[in-house]
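Biologist: Please show me the model that we are to discuss. I should like to put some questions about it.

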Amino acid sequence: MRTFQQLKRLLKQPDPDYPRVRLALLGDSATQFLATAIQGEALARGICLELFEGEYNQVERQVLDPTSDLHRFGADYLVVFQSSHKLLEKYSLMEAEQRTALCDERLEFVRTLCGSFPGKIIYYNYPEIGDGVFGSYQNRVEVSFIYQVRKLNLGLMTLSQECPNLFICDLSELQAKLGRDFCFDSSVYVSTEMLLSLDALPYVASRTLDIVCAIRGSFKKCLILDLDNTLWGGVVGDDGWENIQIGHGLGIGKAFSEFQQWVRKLKDRGIIICVCSKNDDDKAREPFEKNPEMVLRLDDIAVFIANWENKVDNIRTIRQILNIGFDSMVFLDDNPFERNIVREGIPEICVPELPEDPGDYLEYLYGLNLFETASYSSADKDRTKQYQVEARRTSSALSFSNEADFLRSLEMVSEVRGFNAFNIPRVAQLSQRSNQFNLRTVRYTEDEVRRLGEDPSYACFSFTLSDKFGDNGLICVVILEKRDAGTLFIDTWLMSCRVLKRGMEAFTLNTLVEYAREHGFRHLVGEYLPTAKNAMVAEHYPRLGFTPDPEAPERLFTLDVDTFTPLDCFIVSK
Amino acid sequence: MQKEDLLLKVQDIFRDVLDDEEIVLSETSTAEDVEGWDSLTHIQLIVAIEKKFKIKFTSKEILSWKNVGELIDCLASKLA
């Protein structure tokens with residue numbers, strides 16, 4: 001973690017050419033240091049913040065007054081830090097009999113906030129301050145401060161399920177981990193009205209930026225694990241599958257069991273789990289197959305690589321199979337030498353400096369908050385299976401001499417639908433996650449997807465793809481804007497990279513043209529907005545037969561619907 | 001520790017926190033003499049001094065000093 005001083009120093013460098021994000025910060029205490037820390041942390045992650053800092057203690061006014069500076073600024077993100085400290089002060093000033101209303105009153109304000117601010121709101125929840133008035137009996141007394149604070153934090157969770165633009169930043173959890181005495185410094189508070197210690201600021205800024213980055217589509221998708229002394233204690237090649245340390249019997253086995261339980265929960269959440277180990281393949285698999293204490297099974301591992309090649313090459317192979325960026329991968333290895341080789345060979349990958357004692361692995365990893373996300377759907381847990389199927393598909397492709405024969409053999413079927421209650425979460429998620437095959441990289445939340453689906457000036461399409469090996473689920477989204485009577489503008493065209501090279505682009509375009517013809521539109525206009533990650537679709541429209549617009553030949557492309565002949569593909573509509 | 005030594009060590013902290021290698025402190029230096037020393041950087045300086053010497057100032061002390069000399073006196077009394 002950088003220190004506050006280091007974050008501050010980052011701001012002194014000349015403005016780098018990073019993407020710009022407009023962020024507003026409101027607090028009920030002074031926030032200058034927090035603003036500095038957030039800006040520095042953003043720069044450290046390659047984002048240039050244009051910051052609006054509300055005057056101290058004007059949260060309500062800035063939010064409720066539609067003509068306020070906050071609303072004029074038009075931020076993409078609003079960070080709100082209403083502190084436990086000030087809440088306690090408010091509570092203390094209330095008449096005793098009104099104190100039970102503290103939680104509801106604050107929740108009502110946050111609900112209003114969600115309705116009046118159009119961007120994403122990052123709201124800090126409330127770290128507990130025990131005021132010692134009731135002792136532990138406070139748990140039974142609704143009027144106690146702790147009772148109100150805990151109720152409020154629970155209320156915020158419920159509210160964030162209702163309000164898609166509300167993201168809770170878990171300051172309460174962070175303080176539980178760091179300690180209240182670490183987070184609060186009375187001399188800082190007395191002399192500056194700031195409630196976070198200088199040491200706590202970088203952590204708070206980091207948790208805030210974790211959310212911003214996750215919403216912007218930059219987050220971890222894959223965890224690559226070493227085996228010996230990372231996933232179990234000992235060396236399977238020397239000790240044998242029955243003697244490795246795992247489970248409650250042998251040595252520090254329980255530390256590894258709990259570590260594996262954590263990995264398994266990540267897998268259930270949709271993180272892709274891979275193995276990369278220097279071992280004989282058969283020996284490395286034995287514990288998964290035979291040792292009853294193992295929590296993880298081969299079924300949980302999407303890609304399993306055990307050989308004596310170097311790990312950089314092996315991780316490159318994993319990347320090829322999964323088709324995701326190195327910057328969305330985390331590599332865990334107990335061996336500092338291997339960690340450094342991987343860091344040097346693949347600078348984008350995240351390689352945490354695991355502590356020496358395996359008993360410390362989990363507490364250390366909890367503190368890093370590696371797996372922030374801005375969405376979750378229950379379909380996520382099937383992702384491992386999809387990648388395992390993909391590995392089988394890849395080996396099947398090798399047995400065909402030409403691509404067309406292979407594609408035909410897949411017996412592909414696509415289901416084309418608009419947006420509906422069932423697929424909206426998945427559409428939103430794909431919109432958040434897709435970086436490479438994404439023509440304009442406009443991110444939509446569930447709420448926005450729902451609204452687009454109902455808006456008569458848009459035509460929305462979702463595509464699934466299944467074949468004889470398995471179902472890929474929803475893999476492609478197109479949103480068309482009816483610009484005028486004759487023109488459909490392609491607001492969004494994004495696709496999961498898992499289905500590249502299957503002819504899905506051709507099938508999608510055929511579907512769009514069919515829609516255009518049926519509804520009397522004569523032109524499709526596509527736009528390519530380059531990002532650091534979507535170079536693979538720079539030639540997308542020309543490849544499909546669109547003509548570059550003479551005004552902006554690399555950005556805008558037009559397709560004449562009347563003269564279009566359907567493209568060959570081996571996908572049939574369901 | 002001699003007060004002159006303390007002054008030099010505190011001067012190093014000022015240079016580091018305020019990012020200015022040219023700062024020269026004397027016992028009579030005040031916030032007006034040092035560029036960048038304002039009410040906000042003041043608390044950063046205090047926290048850095050507390051960390052370096054592993055001591056803690058009270059809020060009252062922090063608000064009472066009129067110049068660097070008084071800060072050093074207070075620091076020296078805690079280290080004695």
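The following exchange takes up the interface, the sheets and the salt bridges in turn.

Biologist: What kind of model is this, and how are residues, chains and ligands numbered or lettered?

Modeller: This is a predicted model, in which local features need pLDDT of at least 70, side-chain atom pairs count only at pLDDT 80 or more, and totals for chains, interfaces and linings use all residues. Side-chain values use heavy atoms, with hydrogens and water left out, while residues are numbered from 1 along each chain as its sequence is written, chains are lettered from A and ligands numbered from 1 in the order in which they are written.

Biologist: Which residues of chain B lose the most area to chain A?

Modeller: Contact means heavy atoms within 4.5 Å, and it takes 17 residues from chain A and 16 residues from chain B. The buried area, that is, the accessible area (1.4 Å probe) that two parts lose on being put together, summed over both, is about 1300 Å², with 54% given by carbon and sulfur atoms. On the side of chain B, 38% of what is buried comes together from the residues that lose the most, namely Leu40(B), Ile43(B) and Gln44(B).

Biologist: How many salt bridges does the rule find across the interface of chain B and chain A, and which residue of chain A pairs with Lys51(B)?

Modeller: A salt bridge is a side-chain nitrogen of Lys or Arg within 4 Å of a carboxyl oxygen of Asp or Glu. By that rule, five salt bridges cross the interface of chain B and chain A. For Lys51(B), the closest N and O atoms of the pair are 2.4 Å apart, and the partner is Asp199(A).

Biologist: Which element gives the largest share of the side of chain B that touches chain A?

Modeller: Helices (H or I, at least four residues) and strands (E, at least two) are DSSP runs, numbered from the N terminus. On the side of chain B that touches chain A, two or more residues come from each of α1 (3-17), α2 (39-53) and α3 (59-64) of chain B. The largest share, eight residues, belongs to α2(B).

Biologist: Why do β2 and β5 of chain A each have one side without a neighbour in the sheet?

Modeller: Two strands pair if DSSP finds at least two bridges between them. The open sheet has five strands in parallel pairing, in the order β2-β1-β3-β4-β5 of chain A. Because β2 (48-53) and β5 (166-169) of chain A stand at the edges, each has a single partner strand.

Biologist: Which strands of chain A does helix α2 touch?

Modeller: Within this sheet, β1 (residues 20-27) and β3 (residues 77-81) of chain A pair in the parallel sense over five bridges, and Leu25(A) stands opposite Val79(A). Angles run from 0 to 180 degrees between N-to-C directions, with axes fitted to C-alpha atoms, for helices over the stretch in contact. Helix α2 (residues 32-44) of chain A makes about 165° with β2(A) and packs on the sheet, touching β1, β2, β3 and β4 (120-124) of chain A.

Biologist: Which residue of β9(A) stands opposite Leu225(A)?

Modeller: Four strands of chain A form an open sheet with parallel pairing, in the order β8-β7-β6-β9. Strand β6 (residues 222-225) of chain A and β9(A) pair over four bridges. Opposite Leu225(A) in β9(A) stands Leu332(A).

Biologist: How many residues apart in sequence are the parts that Arg45(A) and Asp210(A) tie together?

Modeller: The whole structure holds 44 salt bridges over all chains. One of them joins Arg45(A) and Asp210(A), with the closest N and O atoms 2.9 Å apart. Arg45(A) lies in the loop between α2 and β2 of chain A and Asp210(A) in helix α11 (residues 201-215) of chain A, so the parts tied together are separated in sequence by 165 residues.

Biologist: Which residue in β17(A) is the bridge partner of Glu527(A)?

Modeller: Strands β15 (residues 523-527) and β17 (residues 556-560) of chain A pair in the antiparallel sense over five bridges. Strand β16 (residues 547-548) of chain A is also joined to β17(A), by two bridges and antiparallel. For Glu527(A), the bridge partner in β17(A) is Leu556(A).
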